[in-house]
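Please open the model in the viewer and display it as a cartoon. The tour below proceeds by selection, one element at a time.

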Amino acid sequence: MSDRPPHAPDSAEQAGRAADVLVRIRGAVPTLQPAEQRVAAAVLDDPAAAARMSSTSLAGQAHTSVTTVMRFCRAIGLRNYPQLRIALASAAAREDVRKKDSQWATKGDISEEDSLAQVVDKIIYNESGTLEDTRAQLDLDVLARAVEAVAGARRVDIFGLGASGFVGGDLHQKLHRIGHMAFVWTDGHAALTASVLLGAGDVAIGISHTGSTVDTVEPLQAAGERGATTIALTNFASSPLAECADLVLTTAVREMPFRSGATASRIAQLAVVDCLFVGVAQKSYAESTAALARTYGAVRHLRGR
């Protein structure tokens, strides 16, 4: 196979896949076999270079076989290796444009030698990319169904631990301020006991970047078994949390190895939570606006303390 990259997709389907191939690869990594994960790492490290490689060259770089490279392509929803090269070439070209347009563009993970200015630039560039990727792959139909479910719920219970718990707290506060009965549970035992009290007409929301936090998965699953509508907010669409949810909202985090999932993932989760909340508030626009004004007024006199 030639090392020359393909220039154009064969179909509209391939063009669409090019738009989210890096997001899909990142999201698929936890479900891949170890050898396939090495292929993913090689591709994500330098998509432009990977787009110029033959399948044999990429297999050699990933210390695996051409057969594994082909399995990797199928695992991320592509029929063959030429489709992968086309998608990677398109993704790399878009990233180059984005870097040229961004005042914060800078390459690589944060290093010990970076100045504070470089640290700031890398964080801002990475997190802005995370938001763009999240918007590009967010399923608006699923979001609309989640908005309808929350807007019509008798009560909303939100489960999340650690950084995801803070995001859950933000959603709880927002819903509470417009008059919705909402609860947030950041302790696994409390979440599980609350979940078994839910039923039809209630909504349970589980928030977990990895989607594998047992203390979030178990209560969401229990709530679903009791008849509640379940919503997962996670970075991985094939995670245990997603598998037990009726509706799945996904983020697309560009995580850098130096930083934990509690940084960029939290930014993306908060953005999706804001979209969900505003959608719910719009359903009763006048009432929500009035409620927000009243709750703001109740604490306004405290601002000078």
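Which residue of S4 does isoleucine 205 stand opposite? Select isoleucine 205 in this predicted model; the residue across from isoleucine 205 is isoleucine 231.

Next, extend the selection to the two strands. S3 covers residues 203-207, and its pairing with S4 is parallel, with five bridges. To follow the connection, select residues 214-225, which form helix H11. The chain leaves S3, passes through H11 and arrives at S4, a β-α-β crossover of right-handed sense.

Now colour S4, residues 229-234, by accessibility. Of the six residues in this strand, five are buried, and S4 is thus described as mostly covered.

Move to the other neighbour of S4. Strand S5, residues 247-250, runs parallel to S4 and is joined to S4 by four bridges. Two residue pairs can be picked out here: alanine 232 faces valine 248 of S5, and leucine 233 has leucine 249 as its bridge partner.

Then show the whole sheet. The sheet is open and has five strands, ordered S2-S1-S3-S4-S5, with parallel pairing. Select S2 (182-185) together with S5: these strands occupy the edges, and each has a single partner strand, so one side of each lacks a neighbour in the sheet. With direction ignored, neighbouring strands of this sheet are turned against each other by 15° on average.

Finally, select residues 264-283. This is helix H13, which lies across S3, S4 and S5 and runs at about 145° to S4.

Key:
Residues are numbered from 1 along each chain as its sequence is written. This is a predicted model: local features need pLDDT of at least 70, side-chain atom pairs count only at pLDDT 80 or more; totals for chains, interfaces and linings use all residues. Side-chain values use heavy atoms; hydrogens and water are left out. Buried means under 20% relative accessible area, exposed over 50%, partly exposed in between (1.4 Å probe, protein chains only). Two strands pair if DSSP finds at least two bridges between them. A crossover is right-handed if, with the strands pointing away from the viewer, the path from the first strand over the helix to the second runs clockwise. Axes are lines fitted to C-alpha atoms, for helices over the stretch in contact, and angles run from 0 to 180 degrees between N-to-C directions. Contact means heavy atoms within 4.5 Å.
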